[in-house]
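Trainee: Could you take me through one part of this model in close detail? I would like to start from a single residue and its contacts, then see what lies around it.

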Amino acid sequence: MFVHGFWGTALCVGALVMTTLSISLKRKFEVEYRDAKAKLDEQRQVWLAQAGPAIFEEKRKLFLTLASTYSGLPAKEREMLGELEKTKRERQFTSYMKSQLIARAKIPGVGQSRKATLASYGFANALDVKNWRVTKLPGFGPSLVGEVEAWASSVGKKFAFNPTAPTEPHLVQQVKSTITMERVGLEQKLANAPDQLKSLCQSAERLRKAPPQTLYDALVQMKQIEVDRG
């Protein structure tokens, strides 16, 4: 009776252990299969991206953008030269005010000593006075400050804009040099466009005919797990 009870219990325990192992293995295979499938999907996406038209189209659009930029260079140059023309008055005024030196000016109450003080604080010409207030300088009270600022204002009123004066040659040359450098760079990139696009086509074609080993390995791993789990 005892023996029978013992083997009955043993068989029950054995069945329970086998059931537990079976569930554990099933979960293990499910996790492994899920991971393998995710890896295969990832490798498939990489392969499709490299073997499909996406990379080629992206590069083609880039070259079309570069070609459009290249075609627009003459208009860009005209626009930049036009901006120089628009700001001609401002540049002439700035140049004129810089040429009005405090050292040569006749300002009531401001002799050589005070002119030296102004210079030491960065006030060398009428533009400096216009752009920066002359305050809190040694020896300069409100009255003298007013005299200096009145001088700069009177000088500015004497400015005469010359609209017929040509744009400064060095500024024109800067614009032309900028456009030339951009043109050369674009021409070099566009000259390589046919070879790069051809190479992308050939590479994609090779990948379509012969998928990468990583994709094949991922597929084999997933299939093996399917076989193992039954």
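**A close look at Glu77**

Mentor: Set aside the neighbours within four places in sequence, and Glu77 is in contact with Val175, Lys176, Ile179 and Arg183. Glu77 itself sits in helix H3, which spans residues 73-86. Keep in mind that this is a predicted model. Is Glu77 buried or exposed? Its relative accessibility is 16%, and the cut-off for buried is under 20%, so Glu77 counts as buried.

One of those contacts leads on to a core. Val175 belongs to a nonpolar core of 10 residues, whose members also include Leu66, Leu73 and Ala193. In soluble globular proteins, nonpolar side chains tend to be buried together.

That core lies apart from the largest one. The largest nonpolar core has 21 residues. Which of them touch the most other members? They are Leu118, Val129, Val134, Phe140, Val148 and Trp151. Helix H4, helix H6 (126-131) and helix H7 each supply at least two residues of this core. H7 gives the largest share, with 6 residues. Look at Val129 in particular. Beyond four places in sequence, Val129 is in contact with Ile102, Phe123, Val134, Val148, Glu149, Trp151 and Ala152.

Now turn to the aromatic rings. The whole structure holds 2 aromatic pairs. In one, Phe93 and Phe159 meet edge-to-face, with 5.3 Å from centre to centre and 80 degrees between the planes. Phe93 lies in helix H4 (residues 88-99), and Phe159 lies in the loop between helix H7 (142-157) and helix H8 (169-191), so this pair ties together parts 66 residues apart in sequence. Both rings belong to buried residues: Phe93 has a relative accessible area of 17%, and Phe159 has a relative accessibility of 13%. The other pair is Tyr96 with Phe159, and this one is tilted, at 5.7 Å centre to centre and 45 degrees between the planes. Tyr96 is also in H4, so the pair again links distant parts of the chain, 63 residues apart. Through these ring pairs, Phe93, Tyr96 and Phe159 form a cluster.

How far does the predictor's confidence reach? Mean pLDDT for the protein is 84, and 84% of its residues reach 70 or more. Among the elements, H4 has the highest mean pLDDT, 97, while helix H1 (residues 2-51) has the lowest, 61. Over residues 6-18, pLDDT stays under 50, and the model has 0 contacts beyond four places in sequence for them.

How values were computed:
Residues numbered from 1 in each chain as written. Heavy atoms only, no water. Phe/Tyr/Trp six-rings, centres within 6.5 Å; stacked < 30°, edge-to-face > 60°. Helix = DSSP H or I, 4+ residues; strand = E, 2+ residues; numbered from the N terminus. Buried < 20%, exposed > 50% of the residue type's maximum accessible area, 1.4 Å probe, protein only. Contact = heavy atoms within 4.5 Å. pLDDT = per-residue confidence, 0-100. Core = buried A, V, L, I, M, F, W, Y, C linked by side-chain atoms within 4.5 Å.
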